[in-house]
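Here's a quick briefing to read with the model open beside you. Have a look at the fold first, then work through the points below.

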Amino acid sequence: MKKILILFLIACQWANAAEKDTLNVINPFAKFHYFSKVESEFEFEDEDCDACGCSASGGSMGFASVLNANFVGIRYFNQQYKTNDGLYSNSPWYVENFNTVQAWARIPVGNKVQISALIPYHFHERETVAGMEDINGVGDITVLGMYTLYQTHKDSTIVSHTLQLGGGFKAPTGKFNEANSEGVNPSFQVGTGSWDYLLAAEYTIRRNKFGLNTMLNYVIKTENEKKYQFGNQFNYSGTFYYLYEKNSLSIAPQAGLAGEVYESNYQHGQELANTSGDILFGKFGVEIGKDRLSIGLNYLAPINQNLSAGNVVANYRWSINLNYSL
């Protein structure tokens, strides 16, 4: 389990038992920050984002827009992995591609509460000894609420601070295939078959056009009807950003680090070997907006990783989104 320096820390509480996807990705809370043209704030990042992106929603791809505080939109993201059964020194590596098209939205409820929702559709494919295999279908829907615990009053200081806490859930609307859970990468799924719960915290500090957003969230996964339980997941990130505005055009480049830590999976109450892991990403992105429309591009490159005892290797993740500001 890698220890990463983060500027903000929160103590997570216990909740129900856990289940869900497998290794890497995210979400119901995803990590991304978001700007309001009046006063920038970030939102955060994860939901069901398992190492292999089974129900990837945000984990490291983000759960909010950079330029739009409140919006509706559509997002596509891709994750590529390599897997190896590790039985022999010359065992072949197989490529797995996880693709997700996601309808997402962030809607205010009062002055201090915002509700985010993700509805994903997955279409994944992978190489096997017998040839190509693919699966597709609606994934697990995620709902997340964030409460602004503290926020600096506008124009009251040169440096502004925002602290948000929240929680949510992931519903088992996607299909879980028990046979796929027996492979090297049990995250080759469109759903986990379980109700999962999320705890999240986010802190943002900003001075003029520059800012830093830090995020922590913890996903508690429960056992599904097939008696399979994906390991709980811890996600964190730190992102620097700059906001350029001229007339109706806004540009927000950003760069930082993001990480995920996965606990072991369980089946019929027994811990499964080689199903835990951790990964650290470098992340880069930009969002460009004009009037109410914005487009965003993001790329995550692994810096260090140890997934499934080295039998799963993440190559990269990237996403593109189109949003309409409310």
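What follows covers charged pairs, a nonpolar core and a small sheet.

Keep in mind that this is a predicted model. Going by the side-chain distances, there are seven salt bridges, and three of them get a closer look here. After that come the largest nonpolar core, with 12 residues in all, and an open sheet of three strands.

**Salt bridges**

- Start with Arg317 and Glu260, a salt bridge whose closest N and O atoms sit 2.8 Å apart. Arg317 is in strand β19 (residues 312–325) and Glu260 is in strand β14 (residues 249–262), so this pair ties together parts that are 57 residues apart in sequence.
- Are these two partners buried or exposed? Arg317 is buried, at 1% relative accessible area, and Glu260 is buried too, at 0%.
- Next up, Glu245 and Lys209 meet through their side chains in a salt bridge of 3.3 Å, N to O. Glu245 belongs to strand β13 (residues 244–246), while Lys209 sits in the loop between β9 (196–207) and β10 (210–220), so the contact ties together parts that are 36 residues apart in sequence.
- Glu245 is partly exposed, with a relative accessible area of 30%, and Lys209 also counts as partly exposed, at 30%.
- Then there's Glu133 with Arg126, where the closest N and O atoms are 3.1 Å apart. Glu133 counts as partly exposed at 25% relative accessibility, whereas Arg126 counts as buried at 10%.
- Which residues are linked in a network of salt bridges? Glu96, Arg126 and Glu133 are.

**Nonpolar core**

- The largest nonpolar core has 12 residues, among them Tyr81, Phe98, Ile135, Phe188, Val190 and Tyr262.
- Its members also include Ile279, Phe281, Leu300, Leu307, Val312 and Ala314.
- Three elements give two or more residues to this core: β17 (277–290), β18 (293–307) and β19.
- Strand β19 is worth a second look, as it also holds Arg317 of the salt bridge with Glu260.

**The open sheet**

- Three strands make up an open sheet in the order β11-β15-β16, with antiparallel pairing.
- The edges are β11 (228–229) and β16 (270–271); each has a single partner strand, so one side of each is left without a neighbour in the sheet.
- How many bridges join β15 to β16? Two bridges join strand β15 (residues 266–267) to β16, and the strands run antiparallel.
- Within that pairing, Tyr266 stands opposite Glu271 in β16.

Terms used. Residues numbered from 1 in each chain as written. Predicted model: local features only at pLDDT ≥ 70, side-chain atom pairs only at ≥ 80, totals over all residues. Heavy atoms only, no water. Salt bridge = Lys/Arg side-chain N within 4 Å of Asp/Glu carboxyl O. Buried < 20%, exposed > 50% of the residue type's maximum accessible area, 1.4 Å probe, protein only. Helix = DSSP H or I, 4+ residues; strand = E, 2+ residues; numbered from the N terminus. Core = buried A, V, L, I, M, F, W, Y, C linked by side-chain atoms within 4.5 Å. Pairing = 2+ DSSP bridges.
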